[in-house]
Amino acid sequence: MSEWRRKAIELLPEMRSVISNAWSPMSLWIDLHAEFVRAFRSGNVDAVQRVLKYARWCWEARSSDTVSAVICAFFEHLPQDREMCAEIPKWFSATEFEALKDVFAYHAGPEVVSAIAAMYGMSRGRSASKR
């Protein structure tokens with residue numbers, strides 16, 4: 001069993017069928033994004049936090065396919081949703097936000113990223129302080 005699949009099952013056992021049906025990290029993240037949205041909309045904070053934990057694990061993975069998948073099929077889409085956008089400062093440290101700013105801007109645009117940066121207390125062009 002692949003490392004990405006094993007870790008996903010460990011952190012998200014209730015999503016085992018979704019994980020088992022995925023043929024690649026990208027296909028998994030496409031489906032996990034939908035699961036994340038459902039968990040967020042239903043107020044399932046535990047599932048939201050565990051998906052985010054798995055996302056961080058994938059972001060730091062050795063496999064470039066796994067890293068690309070979480071960036072392209074998950075992180076890029078978070079700021080597209082206004083309600084989720086407001087949660088980004090709760091979900092990501094200022095340092096993580098700094099590292100993801102360009103990713104977040106890909107679909108949402110620089111204006112949305114600037115608004116998120118303001119929630120962190122950052123002004124345009126100013127880096128994040130430790131959080």
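Here is a short back-and-forth about helix packing and burial in this predicted model.

Me: What makes α3 roughly antiparallel to α4?
Reply: The angle does. Helix α3 (residues 25-42) and helix α4 (residues 45-59) pack at about 150°, with axes 9 Å apart. Angles over 145 degrees count as roughly antiparallel, so α3 gets that label against α4.

Me: And which hand does the crossing of α3 and α4 have?
Reply: Left-handed, as α3 passes α4.

Me: Which residues make that contact?
Reply: On the α3 side you've got L28, W29, L32, F36, A39 and F40. From α4 come A47, V48, V51, L52, Y54, A55 and C58.

Me: How do the residues of the contact of α3 with α4 divide into nonpolar, polar and charged?
Reply: There are 13 nonpolar ones, with no polar and no charged residues. Tyr and Cys count as nonpolar here, so Y54 and C58 of α4 go in that group.

Me: Why is H33 called buried?
Reply: Its relative accessibility is 18%, and buried means under 20%, so H33 makes the cut. H33 belongs to helix α3.

Me: What does H33 touch, leaving out residues up to four places away in sequence?
Reply: A73, F74 and H77.

Me: Which residues of helix α1 are buried, and what do they pack against?
Reply: In α1 (residues 3-11), they are W4, R5, A8, I9 and L11. These buried residues pack against α2 (16-21), α3, α4 and α5 (64-73).

Technical notes:
Residues are numbered from 1 along each chain as its sequence is written. This is a predicted model: local features need pLDDT of at least 70, side-chain atom pairs count only at pLDDT 80 or more; totals for chains, interfaces and linings use all residues. Side-chain values use heavy atoms; hydrogens and water are left out. Axes are lines fitted to C-alpha atoms, for helices over the stretch in contact, and angles run from 0 to 180 degrees between N-to-C directions. Helices (H or I, at least four residues) and strands (E, at least two) are DSSP runs, numbered from the N terminus. Angles under 35 degrees count as roughly parallel, over 145 as roughly antiparallel, 65 to 115 as roughly perpendicular and the rest as oblique. A crossing is left-handed if the near helix is turned anticlockwise from the far one by less than a right angle, and right-handed if clockwise. Contact means heavy atoms within 4.5 Å. Buried means under 20% relative accessible area, exposed over 50%, partly exposed in between (1.4 Å probe, protein chains only).
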